[in-house]
Amino acid sequence: MEHVHGHAANKKALIISFIITTAYMIIEAVGGFLTNSLALLSDAGHMLSDSISLGVGAFAFIIGEKLANDRKTYGYKRIEILAALFNGVTLTIISFYIFYEAYHRFVDPPEVASFGMLTIAIIGLIVNVVVAWILNQGETEENLNLRAAFLHVLGDLFGSIGAIIAAIVIMTLDWSWADPLASVFVAILVLISGWRVTKDAFHILMEGTPKNINLTDVVNGIENVTAVYSIHDLHVWSITSSQHALSCHVVVDGNLMIAETEHILRAIEENLQSIGITHVTIQLEAKQHPHDDSLLCNVHRN
């Protein structure tokens, strides 16, 4: 029930943030053209990517609500990871474009309407603070899709701060290069965020071990159960950022009764659930009749 409530809260946060961001993105883009400010235009471009990412993120939550079926036995939860990957890649692409535009502005600095730039940047900062606060009410640590959208907005927030500083510098010192310098600062932050989200999404799609799961704790949680001799063919992966799965072979005494093996399975499941693994598939093996070596149970890890 708690997961369902969290899912609904995440979706609502993304939809509200999408509406606010899209509305102000249009205002900032117009303001950037009128003031000839790259810092504002780059921030508006980033807000456009924010708007797209928030829309994609909300769409992913909606699609993810579809139930599992014969063709999608895990359901559609992983589409949230695809949305996060999309957002991470777009963040990276946008950062390189800002670097490219900033280079040309350093070479040939244009005139910038600093007062108009300052006014729009201050409003942008307020909007980004509000949107970041809304998103942060959701599960930004547990849900990669929501975290990707939050990082988009956070990059915008710092972009607005950079644009404010640049406008003040231009107004007081007439240093026109402050505008592209602020955009470079934004680009660096955007690039770092994009790389982190892309890397995390790729890790999940490659079915890597979840970052918050310690394999030693997993092994201990299974082997500490009475009557368990050993485990092998252990795999731990994420279906989506908040749902982890495990499969393994557990060696027990072959003389145990069915009721006793059921007790072992329940004890293992409880231990694993306490460390965040909710989807468990376990194959029991009798110690007296081990698997033949031809089976893929003796995979060696580097």
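This report describes selected helix contacts, salt bridges and backbone angles of the structure above, which is a predicted model.

**Ser17 and Thr21 in helix H1**

Helix H1 spans residues 2–35 and contains Ser17. Thr21 is placed in helix H1 as well. Ser17 has a relative accessible area of 0% and is therefore buried. Thr21 is also classed as buried, because its relative accessibility is 1%, and the cut-off for this class is under 20%. The two residues are linked by a polar contact: the side chain of Thr21 comes to 2.8 Å from the backbone oxygen of Ser17.

Beyond the residues up to four places away in sequence, Ser17 is in contact with Leu54, Val131, Ile134 and Leu135. For Thr21, with neighbours within four places again left aside, the contacts are Met47, Asp50, Ser51, Leu54 and Val131. Leu54 and Val131 thus appear in both sets of contacts.

**Helices H5 and H6**

Helix H5 covers residues 144–173 and helix H6 covers residues 178–205; their axes come within 8 Å and cross at roughly 170 degrees. H5 is therefore roughly antiparallel to H6, since an angle over 145 degrees falls in that class. On the H5 side, the residues that make the contact include Leu144, Arg147, Leu151, Gly155, Phe158, Gly159, Gly162 and Ile170. On the H6 side, Ala178, Asp179, Phe185, Leu189, Ser193, Val197, Asp200 and Ile204 are among them. By residue class, the contact of H5 with H6 holds 16 nonpolar, 4 polar and 3 charged residues.

**Thr92 in helix H3**

Thr92 lies in helix H3. When residues up to four places away in sequence are not counted, Thr92 touches Leu191, Gly194, Trp195 and Thr198. Thr92 and Ile188 are 96 residues apart along the chain, and their C-alpha atoms are separated by 9.6 Å.

**Salt bridges**

Side chains of opposite charge can pair when their charged atoms come close. The structure holds 4 salt bridges, and the table gives three of these pairs with their N to O distances.

| Pair | N to O distance | Location |
|---|---|---|
| Arg78 and Glu207 | 3.9 Å | Arg78 in the loop between H2 and H3, Glu207 in the loop between H6 and H7 |
| Lys211 and Asp200 | 3.4 Å | Lys211 in the loop between H6 and H7, Asp200 in helix H6 |
| Arg266 and Glu262 | 2.8 Å | both in helix H8 |

The salt bridge of Arg78 with Glu207 links distant parts of the chain, 129 residues apart. Arg78 is partly exposed, with a relative accessible area of 24%. Glu207 is likewise partly exposed, at 46% relative accessible area.

Lys211 and Asp200 form a salt bridge at 3.4 Å. Because Lys211 lies in the loop between H6 and H7 and Asp200 in helix H6, the pair ties together parts that are 11 residues apart in sequence. The partners fall into opposite accessibility classes: Lys211 is exposed, with a relative accessible area of 67%, whereas Asp200 is buried, with a value of 9%. Asp200 is also one of the H6 residues that make the contact with H5.

Arg266 and Glu262, joined by a salt bridge, are 4 residues apart in helix H8 (residues 258–273), which is about one turn of the helix. Arg266 is partly exposed, at 36% relative accessibility, and Glu262 is partly exposed, with a relative accessible area of 37%. Salt bridges with shared partners connect Glu262, Arg266 and Glu269 in one network.

**Positive phi angles around strand S1**

Ala227 is located in the loop between H7 and strand S1, the strand comprising residues 228–240. The phi angle of Ala227 is near 85 degrees, a positive value in a residue other than glycine. With a relative accessible area of 33%, Ala227 is partly exposed.

Asp233 is in strand S1 itself. The phi angle of Asp233 is near 50 degrees, again positive in a residue other than glycine. Asp233 has a relative accessible area of 19% and so counts as buried, the limit for that class being under 20%.

Notes. Residues numbered from 1 in each chain as written. Predicted model: local features only at pLDDT ≥ 70, side-chain atom pairs only at ≥ 80, totals over all residues. Heavy atoms only, no water. Helix = DSSP H or I, 4+ residues; strand = E, 2+ residues; numbered from the N terminus. Buried < 20%, exposed > 50% of the residue type's maximum accessible area, 1.4 Å probe, protein only. Contact = heavy atoms within 4.5 Å. Axes fitted to C-alpha atoms, helices over the stretch in contact; angles between N-to-C directions. Parallel < 35°, antiparallel > 145°, perpendicular 65-115°, else oblique. Nonpolar A, V, L, I, M, F, W, Y, C, P; charged D, E, K, R; others polar. Polar contact = N/O pair within 3.5 Å; in protein donor to acceptor, adjacent residues only side chain to side chain. Salt bridge = Lys/Arg side-chain N within 4 Å of Asp/Glu carboxyl O.
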